[in-house]
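Colleague: I would like to learn how to read a model like this one. Please take me through it feature by feature.

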Amino acid sequence: MQEIPINTITSPNVILELIYRLKVKDVMTTDLVTAGKETTLRQIQYIMREKQVTGLPIVVGKRLIGIVSMDDIIQALDKGYIEEKAQDHMTRNLIVLEDDMPISFAISYFDRFSYHRFPVLNKHKELVGMITSRDITSTLLVEINREIEELEKRTRTTSLSEEMSGEIHTYTIMKNDFENAGYASTEIKKRLKSAGIAPHIIRRAAIASYELEMNLVVHSDGGELIAEYSPQTMQITARDSGPGISDVEAALTPGWSTASEWIRSLGFGAGMGLPNVRSVADDFTIESNRNGTTVVCTIELHPKQEER
Amino acid sequence: MVVQDLAQLEGFTTQCMGNGSQQIQDAYTGDLLSDVMGNAPAESVLITIQAHKNTVAVASLAGIRALVICNNRSIPSDMLQAAEDEEIAIFTTAETQFEASCRIAAALGRINAGKA
Ligand SMILES: Nc1ncnc2c1ncn2[C@@H]1O[C@H](COP(=O)(O)OP(=O)(O)OP(=O)(O)O)[C@@H](O)[C@H]1O
Ligand SMILES: [Mg+2]
C-alpha cells in the first residue's frame with residue numbers, strides 16, 4: 001500500500017503535527033448536495049451541473065446507500081438509461097472515511113484508490129460530509145501558512161534578542177534617592193521592549209529590577225544594579241556595600257520588613273519585595289553579610305509554552 | 001471600558017489623561033507598592049492613596065494604565081510630570097478607596113461577578 005508522500009520520521013515536526021492533528025471533519029465539506037434513491041439519473045445530471053459537483057451521495061434519511069458519479073452519468077447517456085432511477089445504477093460498493101480520522105489517513109486513501117472524493121460518516125454511520133483532495137490541499141495551505149508565520153515571528157524575536165546579546169548596563173543607585181528611583185528598571189523595560197520580548201516576560205523583569213532597585217534605595221548605603229543580556233536569558237544583579245541583611249531567611253518571608261515609619265508612609269515596607277523577585281525569577285540567589293548584599297536573578301526571555 | 005471612561009465616573013476629576021483609548025480590563029486596590037507590583041493585573045486601574053512619583057513608576061512597570069487617587073489627596077507636580085511622560089492617567093476623587101473601588105467595579109460590570 002502506498003503511504004502518504006512524505007517521510008513520517010524525518011519530516012519537520014510542524015508538518016507531522018499538522019497531518020495528525022487535523023481531522024477529516026476539519027477539512028470536509030458539510031454543505032452537502034444529496035439525492036434520494038428514486039431520483040432519476042437525468043435529474044442528478046442537472047443537479048451536478050447546477051451545483052458544480054462531480055459526485056452525488058444517494059441517501060435514505062441520513063444513511064448513505066450509494067454514490068452516482070460523473071462517470072456513471074456518462075455511462076447512462078451512452079447506454080441510454082439516463083431516465084432510470086439512481087438506485088438501479090449507483091455505485092454501492094463504497095469506500096468511506098470517518099470524521100475522526102486524521103487527514104494523513106485521508107491522504108493515503110486518495111493515493112490508494114482512484115476516487116476523487118470520499119463520503120464521510122460519523123460514528124453513528126450517518127453521512128456528515130464529503131471530502132475531496134482539493135479540500136485537503138486548501139486547508140493544509142491555510143494551516144501551513146499560519147505555522148510558518150508563527151515560526152517567522154519566533155525567529156524574528158530571537159534574532160532581536162541576539163542583537164542585544166552581550167550587552168551589560170550598570171546603573172548606580174544612591175541611598176534614599178527617591179527622586180530617581182525606578183529609572184534603572186524603566187531603562188531595562190525599554191530595552192526588552194525594543195528587542196520584541198513578550199509583554200508578560202518584560203513585566204517579570206520589570207518587577208524584579210524595580211524591587212531590587214528600591215531595596216538599594218531604601219535599605220542599602222548605595223550600590224549598583226547590573227543588567228546583562230544574552231539570547232535566551234537576562235540576568236539582573238543588585239550589589240551594595242552594606243549594611244547587609246541580619247537574617248536573610250526572614251527577609252525572604254512575605255511581610256517581613258525593617259522599613260521605618262516614613263518609608264512606609266511612601267508605600268514601601270510591605271515586606272513583599274524580595275518574595276516578589278523570587279516568584280518572578282527563573283533563578284534566584286541572595287548573599288549577604290555586613291560588607292554588603294548581592295542578589296542575582298535570572299529571567300528566561302523565551303520560555304516555551306508558558307502560562308501568563 | 002477604556003481609560004477615558006473613568007473620567008465620566010461621578011466625583012472623578014481628571015488630572016492627566018494618559019492614553020485615553022487604552023483598554024482597562026481589571027482593577028486593583030492597594031497602598032503598599034510592592035503588593036501592587038506583585039499582584040496588580042496588567043491593563044488595569046489602580047485605586048490608592050499613594051500620591052507620589054513612585055506610584056507612577058510602579059504603574060508603568062506593572063502595566064497599570066490609570067491611577068485613581070482617593071481621599072482628596074493632591075497630586076505633586078513631579079508626579080503629574082512623570083505620569084504625562086509615562087502616559088499613565090491620573091484621576092482624583094474625594095471618595096475612599098472602598099467607595100472608588102465599588103464605583104469602578106460597577107463600571108467594569110463586576111459587582112455581582114463573585115470575583116470582584
Ligand atoms: N540591599 C539590602 N540591604 C540591606 N537590607 C536589605 C536589602 N534588601 C532587603 N533588605 C532587608 O530585607 C527586608 C525585606 O526586603 P523586602 O524587599 O522583601 O521588603 P521591604 O523592602 O521591607 O518592603 P517592600 O519591598 O515590600 O516595599 C527589608 O526590610 C530589609 O530589612
Ligand atoms: Mg523591598
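The turns below go from the ligand site to helices, sheets and backbone angles.

Colleague: What should I know about the numbering and the kind of model before starting?

Modeller: This is a predicted model, in which local features need pLDDT of at least 70 and side-chain atom pairs count only at pLDDT 80 or more, while totals for chains, interfaces and linings use all residues. Residues are numbered from 1 along each chain as its sequence is written, chains are lettered from A and ligands numbered from 1 in the order in which they are written, and side-chain values use heavy atoms, with hydrogens and water left out.

Colleague: Where does ligand 1 lie, and which residues come nearest?

Modeller: A residue is near a molecule or strand if one of its heavy atoms lies within 4 Å of it. Here ligand 1 sits between chains A and B. There are 20 residues around ligand 1, and those that come nearest are His219(A), Ser257(A), Thr258(A), Gly269(A) and Ser34(B).

Colleague: How many residues of the shell around ligand 1 are nonpolar, polar and charged?

Modeller: The classes go by residue type: Ala, Val, Leu, Ile, Met, Phe, Trp, Tyr, Cys and Pro count as nonpolar, Asp, Glu, Lys and Arg as charged, and the others, Gly among them, as polar. By that division the shell around ligand 1 has eight nonpolar, ten polar and two charged residues.

Colleague: Which side chains have a polar atom at a short listed distance from an oxygen atom of ligand 1?

Modeller: A polar contact is a pair of N or O atoms within 3.5 Å; within protein, one must be able to donate a hydrogen and the other to accept it, and residues adjacent in sequence count only if both atoms are side-chain atoms. For Asn215(A), a polar side-chain atom lies 2.9 Å from an oxygen atom of ligand 1. For His219(A) the distance is 2.7 Å, and for an N or O atom in the side chain of Thr258(A) it is 2.6 Å. On its own, ligand 1 has 590 Å² of accessible area, of which the protein covers 95%. Such areas come from the Shrake-Rupley method with a 1.4 Å probe; for residues, only the protein chains shown count as cover.

Colleague: Which helices supply at least two residues each to that shell?

Modeller: Helices (H or I, at least four residues) and strands (E, at least two) are DSSP runs, numbered from the N terminus. The helices in question are H9 (199-219) and H12 (273-280) of chain A.

Colleague: What span should H9(A) have, and is the helix buried or exposed?

Modeller: The expected span is 1.5 Å times one less than the number of residues. The 21 residues of H9(A) should span 30 Å, and the end C-alpha atoms are 30 Å apart, which agrees. Buried means under 20% relative accessible area, exposed over 50%, partly exposed in between (1.4 Å probe, protein chains only). In H9(A), 17 of the 21 residues are buried, so the helix is largely enclosed by the rest of the structure.

Colleague: Which strands pair with E10(A)?

Modeller: Two strands pair if DSSP finds at least two bridges between them. Strand E8 (residues 233-240) of chain A is joined to E10(A) by seven bridges and runs antiparallel to it; Thr237(A) stands opposite Val296(A). Strand E9 (residues 283-289) of chain A also has seven antiparallel bridges to E10(A), with Ile286(A) partnered by Val295(A). A hairpin of two residues links E9(A) to E10(A). Seven of the nine residues of E10 (residues 292-300) of chain A are buried, so this strand is largely enclosed by the rest of the structure.

Colleague: In what order do the strands of the open sheet E3-E4-E5 of chain A come, and which stand at the edges?

Modeller: The order is E3-E4-E5 of chain A, with mixed pairing. E3 (97-98) and E5 (127-132) of chain A stand at the edges, each with a single partner strand, so one side of each is left without a neighbour in the sheet. E3(A) and E4 (residues 117-121) of chain A run parallel, joined by two bridges; Leu97(A) has Val120(A) as bridge partner.

Colleague: What elements does chain B have?

Modeller: Chain B holds four helices and five strands, running β-β-α-β-α-β-α-β-α from the N terminus on. Of its 116 residues, 52% count as buried. One buried residue is Thr55(B), at a relative accessible area of 0%; Thr55(B) is found in helix H2 (residues 53-62) of chain B.

Colleague: Which backbone angles deserve a second look?

Modeller: Most residues other than glycine have a negative phi, and most peptide bonds are trans. The peptide bond from Gly242(A) to Pro243(A) is cis, with omega near 5 degrees. Pro243(A) is in the loop between E8 and helix H10 (248-251) of chain A. Asn176(A) has a positive phi, near 55 degrees, and is partly exposed at a relative accessible area of 37%. For Asn71(B), phi is near 60 degrees, also a positive value, and the residue lies in the loop between strand E4 (64-69) and helix H3 (77-86) of chain B.
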